[in-house]
Amino acid sequence: MVAIRYCSKSGNTKKVADLLGEKLGVKAASVEEPLPAKVDKLYLGGAVHGKMYAELKDFATKLDPQQVGEVYMFGTSGGVFSIKRELTAALKESGVKIGKESMFLHGFAPKIKAELNDSQLEEVDKFVSATSK
């Protein structure tokens with residue numbers, strides 16, 4: 001089973017999570033929604049607004065390696081920064097397996113729901129292709 005969870009304040013990460021959900025055939029949900037009993041692949045995402053949101057960190061550190069097979073990270077940001085380092089640390093704390101592939105899209109203005117450009121859409125397609133094998 002595949003699941004998508006995200007933490008989004010401006011709506012940009014939610015937009016990417018929903019697109020991933022369309023491509024993977026699952027419904028994306030907030031980190032506030034519990035996971036099903038067993039998840040083979042969890043796509044987990046958030047955004048950079050100074051640092052990773054506390055809700056995302058809390059969700060990531062409490063993941064159960066017996067419940068989650070592998071986690072694939074994704075995120076959005078307005079600049080070149082990403083939450084990859086912080087999210088990786090939180091996931092390592094939980095002991096879950098972290099997938100080799102990750103995707104962090106840049107160029108989203110904070111508090112403005114932007115449309116994904118062609119390059120970002122291509123990155124999403126590559127990410128889905130690389131993680132769906």
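This report describes the fold, the sheet, the cores and selected residues of a predicted model.

**Overall fold**

The protein chain contains four helices and five strands. Along the sequence they follow the pattern β-α-β-β-α-β-α-β-α. The C-alpha atoms fill a box of roughly 35 × 30 × 25 Å along the principal axes. A compact globule of 133 residues would have a radius of gyration near 14 Å, and the 13 Å of the protein chain agrees with that.

Of the 133 residues, 47% count as buried. The exposed surface comes to about 7100 Å², and carbon and sulfur atoms supply 51% of it. Contacts reach far along the sequence. Among those with a separation of 6 or more, 79% join residues 24 or more positions apart.

**The strands**

Strand S3 covers residues 39–47. Eight of its nine residues are buried, so the rest of the structure largely encloses S3. Strand S4, residues 68–77, is mostly covered as well, with nine of its 10 residues buried.

S3 pairs with two strands named here. Strand S1 (residues 2–6) runs parallel to S3 and is joined to it by five bridges. S4 also runs parallel to S3, and eight bridges join the two. S4 in turn pairs with strand S5 (residues 98–106), in the parallel sense, over six bridges.

The table gives the strand pairs, with an example of bridge partners from each.

| Strand pair | Bridges | Sense | Example partners |
|---|---|---|---|
| S1 and S3 | five | parallel | Arg5 and Leu44 |
| S3 and S4 | eight | parallel | Leu44 and Met73 |
| S4 and S5 | six | parallel | Ser77 and His106 |

Leu44 appears in two of these rows. Its partner in S4 is Met73, while Leu44 is itself the partner in S3 of Arg5. Elsewhere in the S3–S4 pairing, Val39 stands opposite Val68.

**Two nonpolar cores**

In soluble globular proteins, nonpolar side chains tend to be buried together. Here the largest nonpolar core has 23 residues. Leu42, Leu44, Leu63, Leu87 and Leu91 have the most contacts inside it. S3, helix H2 (54–61), S4 and helix H3 (84–94) each supply at least two residues of this core. A second, separate core has 18 residues, including Tyr6, Leu19, Ala28 and Phe127.

What does Leu63 touch, not counting residues up to four places away in sequence? Its partners are Leu35, Leu42, Leu44, Val68, Val71, Leu91, Ser94 and Val96. Leu42, Leu44 and Leu91 in that list are also among the residues with the most contacts inside the largest core.

Phe59 is found in helix H2. Its relative accessible area is 13%; buried means under 20%, so Phe59 is buried. Beyond its neighbours within four places in sequence, Phe59 is in contact with Arg5, Val31, Glu33, Leu35, Leu42 and Leu44. Arg5 and Leu44 are themselves bridge partners. The C-alpha atoms of Phe59 and Cys7 are separated by 9.6 Å, with their positions 52 residues apart along the chain.

**Aromatic pairs**

A pair of aromatic rings is described by the distance of the centres and the angle of the planes. A search of the whole structure finds two aromatic pairs. In one of them, the ring centres of Tyr43 and Phe127 lie 5.7 Å apart and the planes stand at 90 degrees, so the pair is edge-to-face. This pair links distant parts of the chain. Tyr43 sits in strand S3 and Phe127 in helix H4 (residues 118–131), 84 residues apart. Tyr43 and Phe127 are both buried. Together with Tyr72, they form one aromatic cluster. Phe127 is also one of the residues of the second core.

**An exposed position**

Is Lys92 buried or exposed? Lys92 lies in helix H3 and has a relative accessible area of 60%, so it counts as exposed, the cut-off being over 50%. H3 nevertheless contributes at least two residues to the largest core. Lys92 is 73 residues from Leu19 in sequence, and their C-alpha atoms are 27 Å apart in space. Leu19 belongs to the second core.

Methods. Residues are numbered from 1 along each chain as its sequence is written. This is a predicted model: local features need pLDDT of at least 70, side-chain atom pairs count only at pLDDT 80 or more; totals for chains, interfaces and linings use all residues. Side-chain values use heavy atoms; hydrogens and water are left out. Buried means under 20% relative accessible area, exposed over 50%, partly exposed in between (1.4 Å probe, protein chains only). Two strands pair if DSSP finds at least two bridges between them. A nonpolar core is a set of buried Ala, Val, Leu, Ile, Met, Phe, Trp, Tyr and Cys residues joined through side-chain atoms within 4.5 Å. Contact means heavy atoms within 4.5 Å. The radius of gyration is taken over C-alpha atoms; the globule rule is 2.2 Å times the number of residues to the power 0.38. Accessible areas come from the Shrake-Rupley method with a 1.4 Å probe; for residues, only the protein chains shown count as cover. Rings of Phe, Tyr and Trp (its six-membered ring) pair if their centres lie within 6.5 Å; planes under 30 degrees apart count as stacked, over 60 as edge-to-face and the rest as tilted.
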